[in-house]
Amino acid sequence: MPGRLEIICGPMFAGKSTELIRRLREGQNAGMTAVAFKPTSDTRSGESSIRTHPGDVLDAEPLPDSSGLLAALPTGVAPDQLVIGLDEAHFFGSPLIAPVRTLIARGARLIVAGVERDHRGLPFEPFPTLLCEADEVTKLTSICAVCGGAAIHSQRMFTSDAPIVVGGAESYQARCRACFQPG
Ligand SMILES: [Zn+2]
């Protein structure tokens, strides 16, 4: 059986982690082995859990980078019995693409969640590539912090040229097209 790639993307505060956890639990309830990983660079969460913004928690193993993903999978479980969740996947960058392809080829179901556009509104790897290869794409919106409309952007509330800066509500706002001010 071939594997499957599902993407959950959208701006910050759109409920991506909540939807990821819901699908992992659903897989567990269907008798699959569900595992979750997140990058260690996401310091918002505890050492071994995905913390979603409303406060739901699921055990997730922190990975310093995507090269450790294959070795971190449970041994003795056939790949087609695995549901693998990857949260905050934009922090892994394009090196995540190769192990994701390997796991799909082995028959695993992968659910990759993260922000598909950076603070300038530009495509954010690994998402452009993974979105093209996905079996199913869920693009969530948030609520614009300025006008209350449907937000598709993550507005950075501080000045930095770094493409990746970890932050929560104090550092980012969800914004609609009209209210988004890149840079
Ligand atoms: Zn707005």
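**Chatting through a predicted model**

Mentor: Let's start with one spot in this predicted model: Proline 126 sits in the loop between strand 7 and helix 4.

Trainee: Okay! What kind of peptide bond joins glutamate 125 and proline 126?

Mentor: That one is a cis peptide bond, with omega at about 10°.

Trainee: Cool. Now the sheet: in what order do the 6 strands come?

Mentor: The order is 5-2-6-7-1-8, the sheet is open, and the pairing is parallel. Strand 5 (61–63) and strand 8 (136–139) are at the edges, and each has a single partner strand, so one side of each has no neighbour in the sheet. From one strand to the next, the twist averages 20°.

Trainee: And what holds paired strands together in general?

Mentor: Backbone hydrogen bonds do that, in either a parallel or an antiparallel arrangement.

Trainee: How many bridges are there between strand 2 and strand 5?

Mentor: There are 3 bridges, in the parallel sense. You can find phenylalanine 37 opposite glutamate 61 of strand 5.

Trainee: Which helices should I look at against those strands?

Mentor: Try helix 1, which lies across strands 1, 2, 6, 7 and 8 and runs at about 165° to strand 7. Helix 3 packs on the sheet as well, where it touches strand 1, strand 6 and strand 7. The direction of helix 3 makes about 150° with that of strand 7.

Trainee: Let's stay with helix 3. Which of its residues are buried?

Mentor: They are Pro99, Val100, Leu103 and Ile104. Looking down the axis of helix 3, you'd see these buried residues fall within an arc of 140°, so they line one face of the helix.

Trainee: What covers them?

Mentor: The cover for the buried residues of helix 3 includes strand 1, helix 2 (69–72), strand 6, strand 7 and helix 4. Just after helix 3 you'll also meet glycine 107, with a positive phi of about 105°.

Trainee: Which residues other than glycine have a positive phi?

Mentor: Phenylalanine 13 is one of them, with phi near 65°, and glutamate 88 is another, with phi near 50°. Phenylalanine 13 belongs to the loop between strand 1 and helix 1, while glutamate 88 belongs to the loop between strand 6 and helix 3.

Trainee: Is glutamate 88 buried or exposed?

Mentor: Glutamate 88 is buried, because 22 other C-beta atoms lie within 10 Å and the cut-off for buried is 20 or more.

Trainee: What about phenylalanine 13?

Mentor: Phenylalanine 13 has 19 other C-beta atoms within 10 Å, so it counts as partly exposed.

Trainee: Switching topic: how many residues are in the largest nonpolar core?

Mentor: It has 43 residues, and Ile84, Val100, Leu110 and Val112 have the most contacts inside it. Among the elements that each supply at least two residues of this core are helix 1 (16–29), strand 6 (82–86), helix 3 (97–106) and strand 12.

Trainee: What does isoleucine 84 touch?

Mentor: Leaving out residues up to four places away in sequence, isoleucine 84 touches Val35, Leu103, Ala108, Arg109 and Leu110.

Trainee: You mentioned strand 12. Which strand is joined to it by 4 bridges?

Mentor: That's strand 11 (residues 153–156), and the two run antiparallel. Serine 154 is opposite alanine 174 in strand 12.

Trainee: Last one: which residues are buried on the faces of strand 12?

Mentor: Tyr172 and Ala174 are buried on one side, and Gln173 and Arg175 are buried on the other, so to speak of strand 12 (residues 172–175) is to speak of a strand with both faces covered.

Technical notes: Residues are numbered from 1 along each chain as its sequence is written. This is a predicted model: local features need pLDDT of at least 70, side-chain atom pairs count only at pLDDT 80 or more; totals for chains, interfaces and linings use all residues. A residue is buried if 20 or more other C-beta atoms lie within 10 Å of its own, exposed if 12 or fewer, and partly exposed in between; C-beta atoms are placed from the backbone. Two strands pair if DSSP finds at least two bridges between them. A nonpolar core is a set of buried Ala, Val, Leu, Ile, Met, Phe, Trp, Tyr and Cys residues joined through C-beta atoms within 7 Å. Two residues are in contact if their C-beta atoms, placed from the backbone, lie within 7 Å. Axes are lines fitted to C-alpha atoms, for helices over the stretch in contact, and angles run from 0 to 180 degrees between N-to-C directions. The arc is that of the directions from the helix axis to the C-beta atoms.
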